[in-house]
Structure formats: structure tokens, C-alpha cells
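Me: I'm new to this one and want to know how each label is earned. Can we go through it together?

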Amino acid sequence: MELNYLYIGFGVIALLNVIVSVFLVKRDDLEVFQKAAQILLVWLIPLFAAIGLWLFYRTQDRRVNVPKSFGGGAGDSTNIGGGF
């Protein structure tokens, strides 16, 4: 019974490594050497490197919501627009 849990654990880690390896291969912003080195890290330090690299690149890919306008310009409540 304990051996089954061990196999399941190794299977989950191997699946995670494969998913992160494919994720790294598909990235366009990395050079070939960088991809190879990071995939090697994923397989040498299975759980921590896979989760760490995946989280790092997911935060790099997030869109930053930039407001369309910030301040500046006349507002209705400031009485600076020239409308007395």
C-alpha cells in the first residue's frame, strides 16, 4: 500500500516536470541555452525548481492594468477649467 503512494508521488512529480518543461520550451523570450539550463534544473531539482520557475514566469506574463489617464486636465470640481 505504501509503495502505491510512492509511485503516485513520483508520477505526479514527473507529470509536473513534463508540463513545466513544455512550458519552458514554448517560451519565445528565452534563448536555447537558457531553455536547456532551466529544463535541466527542473529535472535535477524536481519539485522546487518546477514550481519556482513556473511561478516566476507566470508572474512575468501577467498584464499590468495601466490607467488610461492619470490626473491632469480640468475637472468639474476644481474650478480651474475657466468656467466661472
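Me: Leaving aside neighbours within four places in sequence, which residues is Ser21 in contact with?

Reply: This is a predicted model, by the way. Ser21 touches Ile39, Val42 and Trp43, once neighbours within four places in sequence are set aside. Contact here means heavy atoms within 4.5 Å. Ser21 itself sits in helix 1.

Me: Why is Ser21 called buried?

Reply: Its relative accessible area is 9%, and buried means under 20%. Ser21 is under that cut-off, so the label fits.

Me: And why is Leu41 called partly exposed?

Reply: Leu41, which lies in helix 2, has a relative accessible area of 40%. Buried would need under 20% and exposed over 50%. The value for Leu41 falls in between, therefore it's partly exposed.

Me: What makes Leu41 fit for a nonpolar patch on the surface?

Reply: A patch residue needs over 30% relative accessible area and no salt bridge, and Leu is on the list of nonpolar side chains, joined within 5 Å. With 40%, Leu41 clears the area cut-off. Its companions in the patch are Leu40, Leu44, Ile45, Leu47, Phe48, Ile51, Trp54 and Leu55, and together with Leu41 they have about 880 Å² of accessible area. Helix 2 (32-44) and helix 3 (46-61) are the elements that give two or more residues each. Helix 3 gives the most, with 5 residues.

Me: What makes a set of residues a nonpolar core, and which residues make up the largest one here?

Reply: The members have to be buried, come from a list of nonpolar residue types, and be joined through side-chain atoms within 4.5 Å. The largest such core has 9 residues: Val20, Phe23, Leu24, Leu30, Ile39, Val42, Ala50, Leu53 and Tyr57. Helix 1 (2-25), helix 2 and helix 3 each give two or more of them. Take Leu53: beyond its neighbours within four places in sequence, it is in contact with Leu24, Gln38 and Val42.

Me: How do you know what pattern the protein chain follows?

Reply: Count the elements: there are 3 helices and 0 strands. Read along the sequence, that gives α-α-α.

Me: How much of the protein chain is buried, and how much area does it expose?

Reply: Of its 84 residues, 18% count as buried. The chain exposes about 7,300 Å², with carbon and sulfur atoms supplying 66% of that.

Conventions: Residues numbered from 1 in each chain as written. Predicted model: local features only at pLDDT ≥ 70, side-chain atom pairs only at ≥ 80, totals over all residues. Heavy atoms only, no water. Patch = residues over 30% accessible without salt bridge, like charges linked within 9 Å, V, L, I, M, F, W, Y side chains within 5 Å. Areas by Shrake-Rupley, 256 points an atom, 1.4 Å probe, with all protein chains shown as cover. Salt bridge = Lys/Arg side-chain N within 4 Å of Asp/Glu carboxyl O. Helix = DSSP H or I, 4+ residues; strand = E, 2+ residues; numbered from the N terminus. Buried < 20%, exposed > 50% of the residue type's maximum accessible area, 1.4 Å probe, protein only.
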